[in-house]
Amino acid sequence: MGIIALKILKEDGERITKEDIVTPEQVLSLWEGEIKSCFKVEGTSVQVKTICHPYEDILAFHVESELIAAGRLSIELRFPEADDGWKNISLWGDNKKHQSEIKHADENTARLLHRQDTTEYQINIQYNKGRL
């Protein structure tokens, strides 16, 4: 399992911390499989709508903010190293034991391959008005 996150930079170029997020609001519509989130960073609004498919491993989200055009907001995908024990499902420290690569990318789609040992995962991404 990986993490999909917003990478937001402050005006000085430093990555934000949770203390930099103000006026957070989040509304969950459980039956629709939708979460609407909004907050501000340094006075600039960020709105996120996240939707989960009810039967497939599909997640969609829509992000609106002036921070995108300013180059200060992007989407980040991170994958941990799997652990062979039951206590730690994932380890975030050693990226040398696993790797991800872009197998295909164009202006609207991308396919990533994540590999650890003999296990491989494919991640298919569709996007618009964005870049990988």
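Leaving out neighbours within four places in sequence, phenylalanine 39 is in contact with Leu6, Ile8, Ile21, Val22, Thr23, Pro24, Thr44, Ser45 and Val46. The model described here is predicted.

Phe39 also belongs to the largest nonpolar core, which has nine residues in all: Ile8, Ile16, Phe39, Val41, Val46, Val48, Val63, Leu67 and Leu73. At least two residues of this core come from each of strand S3 (34-41) and strand S4 (44-52).

Among the contacts of Phe39 is Thr44, a residue of strand S4. Is threonine 44 buried or exposed? Threonine 44 has a relative accessible area of 17%, and because buried means under 20%, threonine 44 counts as buried. With neighbours within four places in sequence again left aside, the contacts of threonine 44 are Phe39, Ser65, Glu66 and Leu67. Of these, Phe39 and Leu67 are members of the largest nonpolar core.

Phe39 appears once more in the lining of the second largest pocket, along with Ala5, Leu6, Ile8, Arg15, Ile16, Thr17, Lys18 and Ile21. The space in this pocket comes to about 170 Å³. Which strand gives the largest share of the lining? Strand S1 (residues 3-8) does, with three residues. Ile8 and Ile16, which line the pocket, are also listed in the largest nonpolar core. The table sets out the lining by class.

| Class of lining residue | Number in the second largest pocket |
|---|---|
| Nonpolar | six residues |
| Polar | one residue |
| Charged | two residues |

Further along the chain, strand S10 (residues 109-116) and strand S11 (residues 119-126) run antiparallel and are joined by eight bridges. Within this pair, threonine 109 stands opposite glutamine 126 in S11. How many residues lie between S10 and S11 in their hairpin? There are two, and aspartate 117 in the turn has a positive phi of about 55°.

For the chain as a whole, the secondary structure consists of one helix and 11 strands. Their order along the sequence is β-β-β-β-β-α-β-β-β-β-β-β. The chain has 132 residues, of which 20% count as buried; threonine 44 is one of the buried residues. Among contacts with a separation of 6 or more, 27% are between residues 24 or more positions apart.

Notes. Residues are numbered from 1 along each chain as its sequence is written. This is a predicted model: local features need pLDDT of at least 70, side-chain atom pairs count only at pLDDT 80 or more; totals for chains, interfaces and linings use all residues. Side-chain values use heavy atoms; hydrogens and water are left out. On a 1 Å grid over the protein atoms alone, a cavity is a set of points where a 1.4 Å probe fits but cannot get out, and a pocket is an open set with protein on both sides within 12 Å along at least five of seven lines; lining residues have an atom within 4 Å of a point. Grid points are joined across faces, edges and corners, and a volume is the space filled by probe spheres set on the points. Helices (H or I, at least four residues) and strands (E, at least two) are DSSP runs, numbered from the N terminus. Ala, Val, Leu, Ile, Met, Phe, Trp, Tyr, Cys and Pro count as nonpolar, Asp, Glu, Lys and Arg as charged, and the others, Gly among them, as polar. A nonpolar core is a set of buried Ala, Val, Leu, Ile, Met, Phe, Trp, Tyr and Cys residues joined through side-chain atoms within 4.5 Å. Buried means under 20% relative accessible area, exposed over 50%, partly exposed in between (1.4 Å probe, protein chains only). Contact means heavy atoms within 4.5 Å. Two strands pair if DSSP finds at least two bridges between them.
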